[in-house]
Amino acid sequence: MSRSLKAHLLLVLMTFIWGTTFVLVKEALRTISPLLFNAVRMGLAAAIMAALYRKQLSTLTRPAFTAGLVVGIFLFLGYEFQTTGLRLTTPSKSAFLTGISTVLVPLFLVIFWRAHIHLWRVAGILSAFTGLFLLAVPPGRQALTDFTHVNPGDLLTIACAVTFAFQIILVGRASQRFPFEQIAVLQLAAAAVLMTITMPVVETPHIQLSMTVVAAVLVTGILCTAVAFTVQAWAQQFTPATHAALIFTLEPVFAWLTSYVCLHERLGLRAGAGALLIVAGVLISEVLGNVMQPERELTEEQPSSSG
């Protein structure tokens, strides 16, 4: 088996695991509070990553520490919004709405970093936002002007997508200046500490140990974070960016299929159309936007190492 084929298969496997965990975490949240769950899984992931990259951490500098801390703050917010929102919405909607973060990245680069953007990415953003509206906003004339009927879990997940978009941008900027291993460990450690500190303030922590909770912590802490970070870093050396982007769009699809099989969730015609538009928007933005984008614009869009 060639390295390229192995890389593609590993990325599909990791994407499948990421997608299926939405249902697993949803079930775990029946017996554990969201912030406590996040603190445990993120602490586990941070400990594993620190052990894996202990040599790289020995050369840690103050600027790298600061950069990792900033990224960790956004990682912390993203997971808190996502996990809390998942209690109030369905796994597939959570996955599709989280996926909007991908198309928000070029939009935020334009707004806050004055980057150039290709027309295909504009089309992708419009498609994703149309899908977001169909997926999250209930039908009816009143819904066009009154958004109070939107599921609070969907709103929290949209906030998660916004936060993750900034986290993706900041990781890119930090990784250009400092070793990615240091940033990976620092963001996880910062997120774990922040989750632990805010947990007793934001919620009343509670847990009833069960196989579901243990499985969710182990799968998300080890497979979805520590192993996934390492596999992704290796696999994308032998996988074109457009291929990786295409594979990653399968995450919400896997989440929906798992939710359909395990929880018998059905999206309905309107929500299903919205989900398809979100996936289409991500594909258009990441695949066509990258393939058709001139080299000069690609260079300008990437965050500069000078900050």
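Me: What share of the 307 residues in the protein is buried?
Reply: Buried residues make up 47% of them. Keep in mind that this is a predicted model.

Me: And what is the make-up in helices and strands?
Reply: There are 15 helices and zero strands.

Me: Why is Ala 190 called buried?
Reply: Buried means under 20% relative accessible area. Ala 190 comes in at 11%, so it counts as buried.

Me: Where does Ala 190 lie, and what is it in contact with?
Reply: Ala 190 is part of helix H10, residues 180-202. Neighbours within four places in sequence aside, Ala 190 is in contact with Leu 69 and Gly 72. Val 70 is 120 residues away along the chain, yet its C-alpha atom and that of Ala 190 are separated by 8.5 Å.

Me: What makes Leu 77 partly exposed?
Reply: The class runs between the buried cut-off of 20% and the exposed cut-off of 50%. Leu 77, in helix H4 (residues 62-86), has a relative accessible area of 30%, so it is partly exposed.

Me: Which nonpolar surface patch does Leu 77 belong to?
Reply: The one formed with Leu 60, Phe 65, Leu 69 and Ile 73. Together the five have about 370 Å² of accessible area.

Me: How do you know that Glu 80 has no salt bridge?
Reply: A salt bridge needs a side-chain nitrogen of Lys or Arg within 4 Å of a carboxyl oxygen of Asp or Glu. For Glu 80, the nearest side chain of opposite charge is Arg 41, 7.0 Å away. That is outside the 4 Å cut-off, so there is no salt bridge. Glu 80, found in helix H4, is buried all the same.

Me: What is Glu 80 in contact with, then?
Reply: Leaving aside neighbours within four places in sequence, Leu 35, Asn 38, Met 195 and Thr 198.

Me: What makes a group of residues a nonpolar core here?
Reply: The members are buried nonpolar residues joined through side-chain atoms within 4.5 Å. The largest such core has 23 residues, and Phe 108 and Leu 135 are among those with the most contacts inside it. Helices H5, H6, H7, H9 and H14 each supply at least two of its residues. A second, separate core has 18 residues, including Tyr 79 and Val 185.

Me: Which residues does Phe 108 touch?
Reply: Residues up to four places away in sequence aside, Phe 108 touches Trp 113, Val 162, Ala 165, Phe 166 and Ile 169.

Definitions and conventions. Residues numbered from 1 in each chain as written. Predicted model: local features only at pLDDT ≥ 70, side-chain atom pairs only at ≥ 80, totals over all residues. Heavy atoms only, no water. Helix = DSSP H or I, 4+ residues; strand = E, 2+ residues; numbered from the N terminus. Buried < 20%, exposed > 50% of the residue type's maximum accessible area, 1.4 Å probe, protein only. Contact = heavy atoms within 4.5 Å. Patch = residues over 30% accessible without salt bridge, like charges linked within 9 Å, V, L, I, M, F, W, Y side chains within 5 Å. Areas by Shrake-Rupley, 256 points an atom, 1.4 Å probe, with all protein chains shown as cover. Lys, Arg positive; Asp, Glu negative; His and termini not counted.
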